[in-house]
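Me: I am new to this structure. Please take me through one part of it closely, in short sentences.
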Amino acid sequence: MSCAVQAASAFNARTLSSLKSPPNVVVVGGTSGIGRAIALSIGQHCPSASITIIGRNQSAADEILSQLGSKSKFIRADVSLMSEIRAATKKIDAVDMLILSQGILTLAGRTPTTENIDNKLALHYYGRALFVKELLPLLRSSPIGGKVLFILDSLRSNPSKVNWNDMSLENSYSLSAAANHAMSFTDIIIQYYGSQPENSNVAFIHAYPSGVKTPLANSLPFYARLPMKAALAAGLGVSPEDCAEYMIYGMLGTDKGWKFIDNKGEVVTKKHPVQEEMLQKVVEHTSQMTSANQ
Ligand SMILES: NC(=O)c1ccc[n+]([C@@H]2O[C@H](COP(=O)([O-])OP(=O)(O)OC[C@H]3O[C@@H](n4cnc5c(N)ncnc54)[C@H](OP(=O)(O)O)[C@@H]3O)[C@@H](O)[C@H]2O)c1
């Protein structure tokens, strides 16, 4: 563990162990990779935390729960579906920290779910926004201040390249457009939520984890998977455990409003500007898309 990770980990341990009440933590995508490492780290720093992990893999969840306190649990849900997210959030009655780490890496083109939302966009943006919307009342009433951490990519968004005439990319899908829409919409929605007076007790954070040695690339075809795995093995990637400490550090260091953080949990300031008009469009579009099958 480097000195920087040790410092972040010590800060996390101090902060989590001195909270006035043990936190209720929800980790979506908590069965693998970065989400799994965050759940385990919070569990280690604060054994009395109640940690709910959400995903589809029951055996992975069982392995993680065996390392967490008795108040922790697993909610099985396919979070590419808005209907399953609504059902899952109804099973949650307290949340202080919401970590959104669900995701996939795929080179496939637009792949609609049964709700006609692209699978990747559902995981990387729309479903995350719905989790926030459904859990906001609980986050607002958190006695220790609510926190929402989006793990995606806070560095490379460019709202000026969003296709405002086809925001869901139903007719103009490409991998780069899907990535930019998910990143830009995340940037915009946290600014919207973070600026609402009724959310003054909640902090919204968008993080870039950098290259992390997780199973994320396993579903890629071998010609894309092998170079990525080789680069990570050659030292270009960090362990999920180190990444988790930086992500938690950046999250705990944010009290209110919104913040963009990098792979070390430090603030990112160089961002493309967002206009008020973009904000309104994203809020309206998100509300429409996440109402699917209601
Ligand atoms: N690793 C990196 O280098 C890197 C770099 C930049 C950004 N990111 C972003 O960070 C996030 C986490 O990545 P990771 O590397 O930790 O990936 P990972 O190890 O593959 O974990 C992905 C998580 O998403 C969950 N998930 C995927 N599809 C789901 C579905 N339909 N329903 C429910 N859960 C689903 C998986 O749970 P189940 O298997 O249980 O369904 C798993 O817990 C992703 O959004 C990724 O894009 C990662």
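At roughly what angle do the axes of helix α4 and helix α5 cross? Please also cover the residues that make the contact, and then turn to the ligand.

Reply: Keep in mind that this is a predicted model. Start with the two helices. Helix α4 covers residues 82-89, and helix α5 covers residues 119-140. Their axes come within 10 Å and cross at roughly 35 degrees. The crossing of α4 and α5 is right-handed. On the α4 side, M82, I85, R86 and T89 make the contact. On the α5 side, the residues are A122, Y126, G127, L130, F131, E134 and L135. Sorted by class, the contact of α4 with α5 has seven nonpolar residues. Two polar and two charged residues complete it.

Now the ligand. It is surrounded by 28 residues. The closest are T31, S32, I34, R56 and T214. S32 also offers a polar side-chain atom, 2.7 Å from an oxygen atom of the ligand. Backbone atoms take part as well. A polar backbone atom of V79 lies 2.9 Å from a nitrogen atom of the ligand. For S210, a polar backbone atom is 3.3 Å from an oxygen atom of the ligand. Is the ligand's surface mostly buried or exposed? Taken alone, the ligand exposes 890 Å². The protein buries 88% of that area.

Terms used:
Residues numbered from 1 in each chain as written. Predicted model: local features only at pLDDT ≥ 70, side-chain atom pairs only at ≥ 80, totals over all residues. Heavy atoms only, no water. Axes fitted to C-alpha atoms, helices over the stretch in contact; angles between N-to-C directions. Helix = DSSP H or I, 4+ residues; strand = E, 2+ residues; numbered from the N terminus. Left-handed = near helix turned anticlockwise from the far one by under 90°. Contact = heavy atoms within 4.5 Å. Nonpolar A, V, L, I, M, F, W, Y, C, P; charged D, E, K, R; others polar. Near = heavy atom within 4 Å. Polar contact = N/O pair within 3.5 Å; in protein donor to acceptor, adjacent residues only side chain to side chain. Areas by Shrake-Rupley, 256 points an atom, 1.4 Å probe, with all protein chains shown as cover.
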